[in-house]
Amino acid sequence: MPESVDPRHLLLIGAGPGVGASVVRRFGRGGFRGTLISRGETLEQLAPELRSDGLEIEAVGADIEDLDGYRATLDGIFGAPGAPGVVVYNAALPDPGEILDATVGRLRTAYDVDVLGGVVAAQVAVPVLRAAGAGTLLFTSGGFADHPVPALASLSMGKAALRSAATMIAAGVKDDGIHAATVTIAGSVVRGTAFDPDNIAGLFWTAHTDPADTWQTEYRFAGA
C-alpha cells in the first residue's frame with residue numbers, strides 16, 4: 001500500500017468492552033495498532049485497559065449522532081499519513097421500544113448510528129483505500145437482521161438496513177481490491193459462553209485475512 005495507508009492500522013468505530021475490545025486485541029496479536037472512535041466516557045475506561053495489554057492505541061472521541069462532526073473526524077484520520085487499512089464499524093444504538101410507540105425523531109437518531117455512521121465511514125475510507133489498491137471494511141450485524149424483535153424495533157430495522165448497505169458497498173469496491181462484509185452475530189454476546197466476544201473476534205480476523213477468491217459479503221457467527 002502507498003505510504004498514505006498503513007495496512008496494519010485498525011480503525012474501530014463504536015469501541016466498547018465487549019466485541020470491540022476483543023477485536024482490537026485480536027488484531028493487536030496480528031501486529032496492528034488501533035484507533036478507537038467512541039464517546040469520551042467509554043474511551044476513558046477502555047483505552048488505558050488496552051494499552052496496559054501492550055497495544056498501541058489512539059483514542060478519538062466522537063458522537064455519531066452528530067454525523068457532520070463525525071465525518072470531519074474521519075476526514076482527519078484518513079487525511080493523515082498511515083491511514084487505517086482496516087475499518088470495523090461496531091456502533092449501534094440499542095434503544096428499546098416498539099415501532100408503534102417510537103417517535104420519528106428517535107427512529108432517525110437510531111438510524112444515524114445504526115446505519116448511516118457505517119455508510120459515512122465507507123464514503124470517507126473508500127477513496128483512500130482505492131488509491132492504495134487494498135483494504136477491509138467490516139460491519140457488525142446481528143440476528144435481529146434475520147429475526148426482528150418488536151421490543152427492539154429500531155435496532156432490528158437498523159441491523160437489516162446495515163446489512164443491505166454493506167452488501168451494496170461490497171459490490172462497489174470488490175474490483176478495487178477492497179473487501180467489505182458484515183459479521184453477523186446470531187446470539188447474545190456473553191463472556192464464557194458460546195458467544196464469547198473473544199471467539200467472535202476471531203471471525204473478524206478471518207474475514208480480514210481471507211484470500212480474495214474466498215471473500216464473502218457476510219460472515220456468520222452462530223456460537224463456538
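Strands are here taken as DSSP runs of E of at least two residues, numbered from the N terminus, and in this predicted model the largest share of the lining of the largest pocket, three residues, is contributed by the strand β5. The pocket itself has a volume of about 830 Å³, and among the 35 residues that line it, those closest to its centre are Asn90, Ala91, Ala92, Pro94 and Lys159. Two or more lining residues are given by each of the elements α1 (19-29), β2 (33-38), β5 (135-142) and α5 (153-173). By residue class, the lining of the largest pocket divides into 15 nonpolar, 14 polar and six charged residues.

Both β2 and β5 belong to an open sheet of seven strands, which are arranged in the order β3-β2-β1-β4-β5-β6-β7 with parallel pairing. The edges of this sheet are occupied by β3 (57-61) and β7 (218-221), each of which has a single partner strand, so that one side of each is left without a neighbour in the sheet. On average, and with direction ignored, neighbouring strands are turned by 20° against each other.

At the β3 edge, β2 and β3 pair in the parallel sense over five bridges, and Leu36 has Ala59 in β3 as its bridge partner. Helix α2, comprising residues 40-52, packs on the sheet in contact with β2 and β3, and its direction makes about 180° with that of β3. Helix α6, comprising residues 197-209, likewise packs on the sheet, where it touches β4 (83-89), β5, β6 (178-185) and β7, its direction making about 160° with that of β7.

Methods. Residues are numbered from 1 along each chain as its sequence is written. This is a predicted model: local features need pLDDT of at least 70, side-chain atom pairs count only at pLDDT 80 or more; totals for chains, interfaces and linings use all residues. Side-chain values use heavy atoms; hydrogens and water are left out. On a 1 Å grid over the protein atoms alone, a cavity is a set of points where a 1.4 Å probe fits but cannot get out, and a pocket is an open set with protein on both sides within 12 Å along at least five of seven lines; lining residues have an atom within 4 Å of a point. Grid points are joined across faces, edges and corners, and a volume is the space filled by probe spheres set on the points. Helices (H or I, at least four residues) and strands (E, at least two) are DSSP runs, numbered from the N terminus. Ala, Val, Leu, Ile, Met, Phe, Trp, Tyr, Cys and Pro count as nonpolar, Asp, Glu, Lys and Arg as charged, and the others, Gly among them, as polar. Two strands pair if DSSP finds at least two bridges between them. Axes are lines fitted to C-alpha atoms, for helices over the stretch in contact, and angles run from 0 to 180 degrees between N-to-C directions. Contact means heavy atoms within 4.5 Å.
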